[in-house]
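Please walk me through this structure in the viewer, one selection at a time. I would like to know what to pick next and what is found there.

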Amino acid sequence: MKWNNQEPEIAVGLLRAPDIQVTLHGSYRLNEELLSGRVTFSLDKEHKGAGGLLSYRAGQKTGETALPLTLVPVNYDQEVVEVHQITIGIDFHWQRKEDQRFRGSLRLVEEGGQLRVINVLKLEDYLVSVISSEMKATASAEFLKAHAIMSRSWLLAQLQKAAEGGNAAGAADQDNNPERHIRWYDREDHALFDVCADDHCQRYQGLTRATEPRVEAAVRETSGQVLLYNDRVCDARFSKCCGGATESFEEVWEPIPHPYLGSWRDGGQGDLPNLRKEEQATAWILGQPEAWCRTSDREVLAQVLNDYDQETQDFFRWEVVLSQQELQRLLKEKIGLELGAIQSLRPLKRGGSGRISELEITGTQGRCVVGKELEIRKALSPSHLYSSAFVVEAQPAGAALPEAFRLRGAGWGHGVGLCQIGAAVMGAAGKDHTRILLHYFRGAALKKLY
Ligand SMILES: [Zn+2]
Ligand SMILES: [Zn+2]
């Protein structure tokens, strides 16, 4: 995909509703007309399905127009459109509606008999908005810049993949072997726009949330800069804490190696042991290897953790105990697995960070191999286990039918790409953003595309 030295635009899917109310702060072009102020759009039920016909009312003016339609600001930098009654926090207990303001154009298309509102804006403006709601102003400038370049790279890589025919969204093992339950999930592409405004892609609330000047500066100062590998934009992933070693892409998602998303040590002295081997993984996970993300510096942790005071700080090394009863209930509820009383949990396959990608679960009524890492984390916890890099100990030791299983683990998240805690520590230690990025995305190069 060629960027021609030009900043791309991005189309963000907002709400979907039978009719839409907006307030245009300034002048917007709709076909040959200029509109401003409050405008209501309603889908004409008679014409539903055939591309759609839309009626609109703006003050005294009324009209009809074919879909899709685009409202274009006469002056991009000055006009703002407010979209009323957007539902936020879908499926959360605090779900509510609010009005949100956006820069750029609004596109209306028909989707499933309703109107879908799409905001089309400059990519850098979009990045300022999403990174502001994600990053803390207390972070070091170099960490913020590294994050901006990484987010931009991820986004452009998604656009590039979509342009080339789409993303493999996830898969289950092809054979219908009941003794294998291997799943992985990646972001599924959208058909009518590039990204949605929810956590599925990245949470986006337009101009409604105040932008943080230091975060905005980090985006503007790195404008157009991305990570490249073999002249392609890197699919730059990140997670909270690698646990001392990063994981490789293919252990977590589609089995296609991405050389810059490999498994290496997150700082510290000496070579990374071969954590695919059980003995070495056990020593690593039960140990306290030196690493950038091995920190208890409250100031640095608060740069990455959303609700620092309420979240655990024991994620470099952690421990969870599951009772026999709880484990059986979780396996049934989370992944529909009924194996009777559980006799053992045994890692069959680990990635280079020690994360288990295939876990054998044996019960009195059968056995099943579960993977990949996210499915294991889902199956063994009411929410999600911190990571799949763990060591299992039956309690009491050696029991044929354990009363409980003690899991001792390392890291938080999939561990692929940049380790946020490690990168925050590097930034606080005065490392610059280039050094941080090339530490995690080995073999990649930085380039300004536009
Ligand atoms: Zn999405
Ligand atoms: Zn790390």
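Start with residues 356-363, strand β19, and follow the chain through a hairpin of 2 residues into β20. The model on screen is a predicted one. β19 and β20 (residues 366-371) run antiparallel, with 5 bridges between β19 and β20. To see one position of this pairing, show Thr362, which has Arg367 of β20 opposite.

Keep β20 selected and add β12, residues 180-185. Here the pairing is parallel, over 3 bridges. Pick Arg180 and Val369 of β20: the two are bridge partners.

Next, select β14, residues 225-229, together with β15 (232-233) and β24 (445-448). These 3 strands make an open sheet with antiparallel pairing, in the order β15-β14-β24. β15 and β24 are the edge strands, each paired on one side only. Between β14 and β24 there are 4 bridges. Leu227 can be displayed with Leu446 of β24, which stands opposite.

Now turn to the nonpolar interior. Colour Phe41 and Phe441: within the largest nonpolar core, which has 100 residues, these two touch the most other members. Then select helix α2, residues 141-163, which contributes 11 residues to this core, the most of any element. A second core of 22 residues lies apart from the largest one; Leu337, Ile376, Phe390 and Leu407 are among its members.

Go back to Phe41 and show its surroundings. Beyond its neighbours within four places in sequence, Phe41 has contacts that include Pro18, Asp19, Ile20 and Val22. Leu30, Leu54, Ser55 and Tyr56 are also in contact with Phe41, as are Leu69, Leu71, Leu108 and Leu115.

The last stop is the largest pocket, which holds about 1800 Å³ of space. Which residues lie closest to its centre? Select Asp199, Phe238, Ser239, Lys240 and His414; these are the closest of the 49 residues in the lining. By class, the lining comprises 23 nonpolar, 14 polar and 12 charged residues.

To trace the lining by element, show α1 (123-134), α2, β12, β16 (238-239), α6 (298-304), β17 (317-323) and α8 (373-379), each of which supplies at least two residues. α2 has the largest share, with 4 residues. Two elements on this tour thus come up again at the pocket: α2, seen earlier in the largest core, and β12, seen earlier beside β20.

Terms used
Residues numbered from 1 in each chain as written. Chains lettered and ligands numbered in written order. Predicted model: local features only at pLDDT ≥ 70, side-chain atom pairs only at ≥ 80, totals over all residues. Heavy atoms only, no water. Pairing = 2+ DSSP bridges. Core = buried A, V, L, I, M, F, W, Y, C linked by side-chain atoms within 4.5 Å. Buried < 20%, exposed > 50% of the residue type's maximum accessible area, 1.4 Å probe, protein only. Contact = heavy atoms within 4.5 Å. 1 Å grid on protein atoms, 1.4 Å probe; cavity = no way out; pocket = protein on both sides within 12 Å on 5 of 7 lines; lining within 4 Å. Points joined across faces, edges and corners; volume = space filled by probe spheres on them. Nonpolar A, V, L, I, M, F, W, Y, C, P; charged D, E, K, R; others polar.
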